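User: I'd like a close look at just one thing here: the salt bridges. Could you walk me through them?

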Protein chains: 2
Amino acid sequence: MKQEIKVSVDAVVFGYDQESGVSVLLIKRRNEPFQKMWALPGGLVLNGESLDEAVNRELREEAGIDVNYLEQLYTFGSPERDPRNHAISISYFGLVRPQDFQLAAHTDAEDVAWFNIKKLPKLAFDHKKIIDAAIKRLRGKITYEPVGFELLDKEFPFSDLEKLYQTLLDHEIDRRNFKKKIIGLGILEELDETIQRKSGRPARLFKFNKKKYFELKEKGYNFDIFF
Amino acid sequence: MKQEIKVSVDAVVFGYDQESGVSVLLIKRRNEPFQKMWALPGGLVLNGESLDEAVNRELREEAGIDVNYLEQLYTFGSPERDPRNHAISISYFGLVRPQDFQLAAHTDAEDVAWFNIKKLPKLAFDHKKIIDAAIKRLRGKITYEPVGFELLDKEFPFSDLEKLYQTLLDHEIDRRNFKKKIIGLGILEELDETIQRKSGRPARLFKFNKKKYFELKEKGYNFDIFF
């Protein structure tokens, strides 16, 4: 019997913003099924196209953006996940700064927008499940590799990094231990400059030591202070 | 244009044996392409079948075995990986005791056997790459969750657990620190009995605390002593 299974890719692009927290990029579906509902950007892989190429093409086509750092999350393959036919989805995820992207809906997408992960609309297909898996993976990931280089300003007060971790983990962290651990990793350089924000004392600025940061990103570490 | 991509699953079943080390289950291909070459057990997903069902069915059909603990590894999707057509493979991996399985080659497989991962034959498709990815994942995994419950005897001297970790990691470990860490996790119970093996003093026997072991397996930890 001929195999009749469709192959698609879906992208979970998270955005981090200091004020609004963690969001995810969604598109509004132009066509059935789930017409007018919000969904992850994605679609069918073309013949002869790699999975990476497919997910990048779909993001360009449906949301008008290029995302450099996507990694494979999981392949969802339940035969019931698409009402039309048996369709598997290879999902990808990444974390970006929303302000770096100019969104533009095209082709299958009627609209495109960032949604806070705590206020998601009802989603098409099993996309809620895919987002939940991506959030879980993201939280696991920041315990064994550094995060922040592409997300914070080039120079930032330590409290910005603290806030990033608290927001991604969605819980308070022991600030003193956190600082000790981060400093111990050697990924930060303390600058002479300070910054004055609203109330409070001027805060010392830091920047990442790029070499050390990417070495640790590659090598991994164990960072159990939060748990 | 109609999508013409085939969907298959492949299984990397590792075996651990105290004497012979880590092996992987391979089948000898009955048909073209790569006829008579060794390959991972696997094949096309059937219409309406889940990915888990497919990989379990292929293991039964080609190798005559049921493996309970498989988890998804990665989806390989390069259009060049199969000479016949664009075919993606969702790979799974697991770790078992070879002596618990009675192998029997069927259907597409002309033969089935365990091969030591250090003495692999030339493999069909990109299966060497898939096995390498599985070895890397396995080594990563044992640094954040316990291993051994299904692999060691019910009661074992501590040196058996040490040997398991050394074999999986493929390098020596600091034995004193390892013991301190493992004992600290609370997953072991020390018994009154000892065992006498060849030369040397009688060694104290241990068994796993099943409850604690599976709690930690679920929760994860950070185990950086090896690195």
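Analyst: Sure! One heads-up: this is a predicted model, where local features need pLDDT of at least 70, side-chain atom pairs count only at pLDDT 80 or more, and totals for chains, interfaces and linings use all residues. Residues are numbered from 1 along each chain as its sequence is written, chains are lettered from A and ligands numbered from 1 in the order in which they are written, and side-chain values use heavy atoms, with hydrogens and water left out.

A salt bridge here is a side-chain nitrogen of Lys or Arg within 4 Å of a carboxyl oxygen of Asp or Glu. By that rule, the count over all chains is 36.

Let's start with A:Arg175 and A:Glu162, whose closest N and O atoms sit 2.8 Å apart. This pair links distant parts of the chain: A:Arg175 belongs to helix H4 (residues 175-185) and A:Glu162 to helix H3 (residues 158-169), 13 residues apart. (Helices are DSSP runs, H or I, of at least four residues, and strands are E runs of at least two, numbered from the N terminus.) A:Arg175 counts as exposed because its relative accessibility is 53%, while A:Glu162, at 9%, counts as buried. The cut-offs are under 20% relative accessible area for buried, over 50% for exposed and partly exposed in between, using a 1.4 Å probe and protein chains only.

Over in chain B, B:Glu145 pairs with B:Lys141, at 2.9 Å between the closest N and O atoms. B:Glu145 counts as buried at 11%, and B:Lys141 is buried too, at 13%.
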